[in-house]
Amino acid sequence: MQPRNMSMSGVVDLAAVKAAQEAKAKAEQARAQAAREGGTGAISPADLVIDVDEAGFERDVLQRSAEVPVVIDFWAEWCQPCKQLSPVLERLAVEYNGRFLLAKIDVDANQMLMQQFGIQGIPAVFAVVAGQALPLFQGAAGEAQIRQTLDQLVQVAEQRFGLTGLAVDPEAEPGGGAQAAPERPAGPYDALLEAAVQALDSGDLSGAVQAYKNVLSEDPGNEEAKLGLAQAELLQRVQGVDPQQVRRDAAEKPADVQAQIAAADLDLVGGHVEDAFGRLIETVGRTVGDDRDTVRMRLLELFEVVGPEDPRVIAARRALARALF
């Protein structure tokens, strides 16, 4: 089976901001508990690779994913590509020094987990971050591709969920080992971000938008607030619209900028990311002046919702550049 890259971001996850807040809180609690107990909670490098079954999945994967990204290697004894991939993942788990945990699942012994993840063939590699499953790649993959995917996973886990990884005991690692990841202090805008999440939970989209704007007015580079604002504004725009009418207008009025923008919003909320991007890029190619700039700006906003490192965003940025120039 040839490797098939999969999106790190998946479809638009409108609960991502809440999950990020909860994950950060749990991670901070775990670090604080370790400090109270007079230790760092450091583990041996050997503990970075674990075998997981259905009975222990919630404890070993879901619960641990609130502290560290958990990479899942679905394998089987009869699978020859698995025998090539698994040792690479195990070696990288130790090399990355606690920035992710590798969970190995034998699909023959855990058919239910295989079905729940919708796996059609192995090897298949997923990640779980703050309880959210993310497909990484399927099939045998080269080490360079694996490293790139893991680097992206670690970055997303830290920036969006505050997961800085596990502390590894340097005395137990051959050659002295690398230093454990430094403890990440709580940010100065946690209260405002929590207010935004609570507003989203209660359906107060205007309140959520304002709370995120309050953070960005003080810290324009705050990635969590930018993501939250983009998602809240998207929800606000589609709230109360008639989907059938929006799509009818878009089909009947291909030159109507606002009709195409409204349809793209619905596409994105429904998880049809490429459709949303393609619709607006085509509209950019048909328009000029202020209309073109309006469409371009909305497209950039949708890029923020999906995430700048998503392969679909990267491809759409290239297509947008071709349409503009």
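**Entry 1. Overview**

I counted the secondary structure elements first and found 13 helices and 6 strands in the chain. I note at the outset that this is a predicted model. I then looked up burial and found that buried residues make up 47% of the 325 residues in the chain. For the contacts with a separation of 6 or more, I recorded that 71% are accounted for by residues 24 or more positions apart.

**Entry 2. Strand S5**

I turned to strand S5, which covers residues 124–129. How many of the residues of S5 are buried? I found 6 of the 6 buried, so S5 is largely enclosed by the rest of the structure. In a regular strand the side chains alternate between the two faces of the sheet. I checked the directions in S5 with this in mind: Ala-124, Phe-126 and Val-128 point one way, while Val-125, Ala-127 and Val-129 point the other way. The residues on both sides are all buried.

**Entry 3. Partners of S5**

I looked up the strands that pair with S5. Strand S3, residues 70–75, pairs with S5 in the antiparallel sense over 5 bridges. Within this pairing I located Asp-73, whose bridge partner in S5 is Val-125. S5 also pairs with strand S6, residues 132–138, again in the antiparallel sense, over 6 bridges. Here I noted that Val-128 has Ala-133 as its bridge partner in S6.

I then examined the connection between S5 and S6. The two strands form a hairpin with 2 residues between them. In the turn, Ala-130 has a positive phi of about 50°.

**Entry 4. Strand S4**

I next consulted strand S4, residues 101–106. I found 5 of its 6 residues buried, so S4 is largely enclosed by the rest of the structure. Which way do S3 and S4 run? They run parallel and are joined by 6 bridges. One pair I looked up is Phe-74 with its bridge partner Ile-105 in S4. Strand S2, residues 49–51, is joined to S4 by 3 bridges, and these strands also run parallel. Asp-51 stands opposite Lys-104 in S4.

**Entry 5. Helix H8 against H12**

I moved to the helices. Two packed helices are described by the angle between their axes and the distance between the axes. For helix H8 (residues 223–238) and helix H12 (residues 289–306), I recorded an angle of about 120° and axes 8 Å apart. That angle makes H8 oblique to H12, because it falls outside the 65 to 115 range that counts as roughly perpendicular and is not over 145. H8 passes H12 in a left-handed crossing.

I listed the residues that make the contact. From H8 they are Lys-226, Leu-227, Ala-230, Gln-231, Leu-234 and Arg-237; from H12 they are Arg-298, Glu-301, Leu-302, Glu-304 and Val-305. I sorted the residues of this contact into 5 nonpolar, 1 polar and 5 charged.

**Entry 6. Helix H8 against H10**

I finally looked up H8 with helix H10, residues 257–269. Their axes come within 10 Å and cross at roughly 120°. H8 passes H10 in a left-handed crossing. Which residues of H8 meet H10? I found Leu-234, Arg-237 and Val-238, which meet Asp-265, Leu-266, Leu-268 and Val-269 in H10. The residues of this contact divide into 5 nonpolar, no polar and 2 charged. I noted that Leu-234 and Arg-237 of H8 appear in the contact with H12 and in the contact with H10.

Definitions and conventions
Residues numbered from 1 in each chain as written. Predicted model: local features only at pLDDT ≥ 70, side-chain atom pairs only at ≥ 80, totals over all residues. Heavy atoms only, no water. Buried < 20%, exposed > 50% of the residue type's maximum accessible area, 1.4 Å probe, protein only. Helix = DSSP H or I, 4+ residues; strand = E, 2+ residues; numbered from the N terminus. Pairing = 2+ DSSP bridges. Axes fitted to C-alpha atoms, helices over the stretch in contact; angles between N-to-C directions. Parallel < 35°, antiparallel > 145°, perpendicular 65-115°, else oblique. Left-handed = near helix turned anticlockwise from the far one by under 90°. Contact = heavy atoms within 4.5 Å. Nonpolar A, V, L, I, M, F, W, Y, C, P; charged D, E, K, R; others polar.
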